[in-house]
Amino acid sequence: QQVMVSGPNLNETSIVSGGYGGTTEGIIPTANIKGPAIQVNPSYLGLRYLHAQGSSMHQCHNNPTMSEELSRGLAVEKFDVVKKWGINTYKCTKQMFSERFGRGSRTVDLELETQIELLRDTKRKYESVLQLARALTNHFYNMVQTQRALGDAFSDLSQKSPELQFSSLQEEFGYNAETQKLLCRNGET
């Protein structure tokens, strides 16, 4: 109820199409309603009234007309709140159906539409950054695997090639194997 009551009153805005605020057809004026619309517990009302006024309980129970007036006022107040909510809900629903079926123009709040478009643009940018970060992670993982394979290949070449025994090429392969393995370890951490 609070969401609907605190929402925009379509009578007071200039963005409503179709003239929904002009007609009062189907609305029952409260002046025609006699008697309380809601049954109220008088003792509860008396306590509530006492709390609001700071009086003693004797005053409320000794004055039955005050209790009656209070219950009638609260009932009318509650009825007015429900009536306003109903009217707003009806107007919003009627506007929504007319927009959906193409009988009315779309309700637009230009400032809100601008903010929504900025948020959508920001969302697209964040999604792009996320996609690029995932691609970078995949490439980095593949690079680390390639470095591990290169380190193993250089290590094998430096140890298993008999023609390279005691040559500078064997030392170079060993050095490259150690470098690739260090790079691989650094990439994994």
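Mentor: A salt bridge is a side-chain nitrogen of Lys or Arg within 4 Å of a carboxyl oxygen of Asp or Glu, and by this rule the count here comes to five salt bridges. This is a predicted model, in which local features need pLDDT of at least 70 and side-chain atom pairs count only at pLDDT 80 or more, while totals for chains, interfaces and linings use all residues. Residues are numbered from 1 along each chain as its sequence is written, and side-chain values use heavy atoms, with hydrogens and water left out.

Trainee: What makes Arg120 and Glu117 a salt bridge?

Mentor: The closest N and O atoms of Arg120 and Glu117 are 3.9 Å apart, and the rule asks for a distance within 4 Å, so the pair counts as a salt bridge. Both residues lie in helix H5, three residues apart, about one turn of the helix. Glu117 also meets Arg124 in a salt bridge, with 3.4 Å from N to O.

Trainee: Why is Lys123 called exposed, and what is Glu127 called?

Mentor: Buried means under 20% relative accessible area, exposed means over 50%, and partly exposed lies in between (1.4 Å probe, protein chains only). Lys123 has a relative accessible area of 52% and is therefore exposed, whereas Glu127, at 43%, is partly exposed. These two residues form a salt bridge with their closest N and O atoms 3.7 Å apart, and they are separated by about one helical turn, because they are four residues apart in helix H5. Elsewhere, salt bridges that share partners join Glu117, Arg120, Asp121, Arg124 and Lys125 into one network.

Trainee: How many helices and strands does the chain have?

Mentor: The chain has six helices and zero strands, where helices (H or I, at least four residues) and strands (E, at least two) are DSSP runs, numbered from the N terminus.

Trainee: How many aromatic pairs are there, and what makes Phe97 and Phe101 stacked?

Mentor: A search of the whole structure finds two aromatic pairs. Rings of Phe, Tyr and Trp (its six-membered ring) pair if their centres lie within 6.5 Å, and planes under 30 degrees apart count as stacked, over 60 as edge-to-face and the rest as tilted. Phe97 and Phe101 stand 6.1 Å centre to centre with 5° between the planes, so both values satisfy the rule for a stacked pair. Phe97 is partly exposed, with a relative accessible area of 42%, and Phe101, at 57%, counts as exposed.

Trainee: How do you know that Phe154 and Phe173 are stacked, and where does each lie?

Mentor: Their rings are 5.7 Å centre to centre with 25° between the planes, which again meets the rule, so the pair is stacked. This pair links distant parts of the chain, with Phe154 in helix H5 (residues 110-160) and Phe173 in helix H6 (residues 168-188), 19 residues apart. Both Phe154 and Phe173 are buried.

Trainee: Why is Gln147 called buried, and which residues is it in contact with?

Mentor: Gln147, in helix H5, has 12% relative accessibility and therefore counts as buried. Contact means heavy atoms within 4.5 Å, and, leaving aside neighbours within four places in sequence, Gln147 is in contact with Gln180, Leu183 and Cys184. Cys184 is itself buried, because its relative accessibility is 6%.
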